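Open the model in your viewer and keep the selection panel at hand. The tour goes stop by stop, with something to select at each one.

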Amino acid sequence: AFDKLKEIPPDAILGLMTAYQADHSPDKIDLTVGVYKDNQGNTPVMRAVAESERRLIETQASKAYLPPLGVAGFREGIRRMVLGPVDGTVESRTAVIQTPGGCGALRVAADMYRRTGSGDTVYLSNPTWGNHRGLMTAAGLALEEYPYYSPSTHQLEVDQMLDSLSRIPPQSLIVLQASSHNPTGEDPDAATWEQVLDIIEERDILPLFDLAYQGLGDGLDQDAAVIRAAAERLPEMFVAVSCSKNFGLYRERTGALLIMGKDPSHRKVLETQAANVARGSYSMSPAHGPLIVAGIFEDPKLHQLWLDEVNEMRGRIQGLRNKFAQALANERSDLDFSWISHQRGMFSLLGLTQNEVDTLREDQHLYMVRDSRINIAGLQGATIEPIAKAVAPLMS
Ligand code: PLP
Ligand code: TYF
């Protein structure tokens with residue numbers, strides 16, 4: 001049977017990470033995979049996470065199975081982190097299941113959508129994160145795109161997006177990145193989000209909000225603002241939450257799926273369906289990460305430490321954006337680079353061709369994703385200027 005299978009090339013992003021690791025040049029620079037890095041290029045374990053994990057290991061008496069929906073303190077804490085201080089109705093309408101990372105949540109959502117029988121198509125932004133396509137296709141959904149951003153003008157394509165959304169068939173599924181859009185760094189402003197929600201409500205479209213960078217854009221509350229607005233006015237939605245970036249728990253595979261139904265009586269149905277989808281593949285989600293997160297949510301001092309660390313990460317990213325924009329402007333007084341400062345989160349698209357990206361990698365050991373996405377957190381005080389000098393001549 002296995003001889004019928006063909007080798008598959010590595011993931012476009014993770015493959016470059018491997019290529020970078022194999023490069024022996026002392027000058028190599030990694031702006032590929034979206035992990036937060038400090039000024040030394042390290043991705044340290046967050047202090048609040050290390051302390052919570054230490055306590056967990058000291059006190060944990062068993063590794064026996066937990067209930068299928070996951071750790072109660074984690075589920076409750078995530079609901080509050082995402083929805084904020086909501087009124088009891090929204091809370092009682094919202095099912096929460098712990099998932100293996102944000103990817104696990106996206107896949108469970110896609111499988112659940114299939115089960116509703118409402119449709120077989122999902123709408124993704126153009127461009128979007130490559131994994132969205134794989135995850136949605138694996139669930140049996142057909143892919144469609146809506147216009148989102150033009151890498152050549154560095155602008156959101158608002159009119160084209162709204163026009164396209166207003167023609168999506170009712171009950172379709174749409175993936176919306178709530179903030180710090182991957183790969184563009186460009187998010188709709190509040191007024192544009194309102195227009196998007198108007199269309200979604202009017203046309204009875206089912207939104208799947210992807211929330212992978214909460215806290216790293218404008219702030220924990222601001223980054224979930226569109227989700228909170230949607231919770232106030234829409235009957236149904238999914239939210240796929242990742243703790244990979246804002247808790248630095250990447251490899252622990254920590255996330256959650258929120259499923260908001262029309263009224264509280266649906267919640268049990270949604271929870272049992274989600275648990276059943278999970279049982280059909282990985283049975284239940286790993287609990288180490290969620291127990292660490294619950295330990296942070298439940299201790300006011302650790303919670304504050306974590307908030308401070310998230311704020312520090314966000315501040316560093318924003319500082320790097322400003323410095324990088326300035327360094328580029330020093331090279332090219334003919335261009336306006338303010339878009340790099342006003343974009344949010346870890347990523348921006350430089351707008352280079354694949355050939356240019358390949359040449360930078362081969363000749364200068366500067367690694368970025370082939371669509372010219374850079375990880376802003378991968379910039380360092382000492383590398384900003386050489387990077388600006390390498391890429392500025394190619395930009396427009
Ligand atoms: N969605 C987006 C847009 C992402 O960039 C990521 C990032 O890694 C995820 C979801 C989920 O990641 P994970 O499954 O590692 O939590
Ligand atoms: O976009 C990124 O770099 C992150 C990490 O298959 C990532 O979201 C990249 C590729 C992948 C899984 C995670």
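What follows is a walk through a predicted model, from the overall fold to single residues.

**Stop 1: the whole protein**

Show everything as a cartoon. The secondary structure comes to 16 helices and 13 strands. Next, check the dimensions. Along the principal axes, the C-alpha atoms fill a box of roughly 60 × 55 × 55 Å. The radius of gyration is 21 Å, which agrees with the value near 21 Å for a compact globule of 396 residues. Colour by burial if your viewer allows it. Buried residues make up 45% of the 396 residues. Now turn to the contacts with a sequence separation of 6 or more: 74% of them join residues 24 or more positions apart.

**Stop 2: two domains**

Select 2–45 together with 315–394 and give this set one colour; it is domain 1. Select 65–298 for domain 2 and give it another. The C-alpha centres of domain 1 and domain 2 are 27 Å apart. Their contact takes 20 residues from domain 1 and 20 residues from domain 2. On the domain 1 side, pick out strand 11, residues 347–349; this strand gives the most to that side, with three residues. By class, the domain 1 side that touches domain 2 has 11 nonpolar, six polar and three charged residues.

**Stop 3: the nonpolar core**

Nonpolar side chains tend to be buried together in soluble globular proteins. Here, the largest nonpolar core has 111 residues. Which residues have the most contacts inside this core? Select A109 and L257. Then add helix 13, residues 300–331, which gives the largest share of the core, nine residues. Keep the domain colours on. Domain 1 and domain 2 both give residues to the core, so the core lies between them.

Zoom in on L257. Beyond residues up to four places away in sequence, L257 touches I97, T99, A105, V108, A109, F238, A240 and A274. A109, the other residue named for the core, is on that list.

**Stop 4: ligand 2**

Centre on ligand 2 and show the side chains around it. The shell consists of D11, I13, L14, V33, G34, W129, N131 and N182. By class, that shell has four nonpolar, three polar and one charged residues. Where does ligand 2 lie with respect to the domains? Both domain 1 and domain 2 give residues to its shell, so ligand 2 lies between them.

**Stop 5: ligand 1**

Move to ligand 1. Its shell has 13 residues, and the closest are G101, G102, C103, S242 and S244. Highlight helix 5, residues 101–116; with three residues, this helix gives the most to the shell around ligand 1. The shell around ligand 1 divides into four nonpolar, eight polar and one charged residues.

**Stop 6: two cis peptide bonds**

Show the backbone as sticks. Start at N126 and P127: the peptide bond from N126 to P127 is cis, with omega near 0°. P127 sits in the loop between strand 3 (121–126) and helix 6 (130–138). Next, select N182 and P183. The bond from N182 to P183 is also cis, with omega near 15°. P183 is in the loop between strand 7 (173–177) and helix 8 (190–203). N182 should look familiar, as one of the residues around ligand 2.

**Stop 7: two positive phi angles**

Stay with the backbone and follow helix 8 onward to D204, in the loop between helix 8 and strand 8 (206–211). D204 has phi near 55°, a positive value in a residue other than glycine. Is D204 buried or partly exposed? It is partly exposed, because 15 other C-beta atoms lie within 10 Å.

Jump to H365, in the loop between helix 15 and strand 12 (366–367). Its phi is near 60°, again positive in a residue other than glycine. H365 has 16 other C-beta atoms within 10 Å, so H365 counts as partly exposed.

**Stop 8: L360**

Finish in helix 15, residues 354–364, by selecting L360. L360 has 22 C-beta neighbours inside 10 Å, so this residue counts as buried. Setting aside neighbours within four places in sequence, L360 is in contact with L366 and A390. Last, draw a distance from L360 to I387. They are 27 residues apart in sequence, and their C-alpha atoms are 9.9 Å apart in space.

Terms used. Residues are numbered from 1 along each chain as its sequence is written. Chains are lettered from A and ligands numbered from 1 in the order in which they are written. This is a predicted model: local features need pLDDT of at least 70, side-chain atom pairs count only at pLDDT 80 or more; totals for chains, interfaces and linings use all residues. Helices (H or I, at least four residues) and strands (E, at least two) are DSSP runs, numbered from the N terminus. The radius of gyration is taken over C-alpha atoms; the globule rule is 2.2 Å times the number of residues to the power 0.38. A residue is buried if 20 or more other C-beta atoms lie within 10 Å of its own, exposed if 12 or fewer, and partly exposed in between; C-beta atoms are placed from the backbone. Two residues are in contact if their C-beta atoms, placed from the backbone, lie within 7 Å. A nonpolar core is a set of buried Ala, Val, Leu, Ile, Met, Phe, Trp, Tyr and Cys residues joined through C-beta atoms within 7 Å. Domain bounds come from an automatic or database domain assignment. A residue is near a molecule or strand if its C-beta atom, placed from the backbone, lies within 6 Å of it. Ala, Val, Leu, Ile, Met, Phe, Trp, Tyr, Cys and Pro count as nonpolar, Asp, Glu, Lys and Arg as charged, and the others, Gly among them, as polar.
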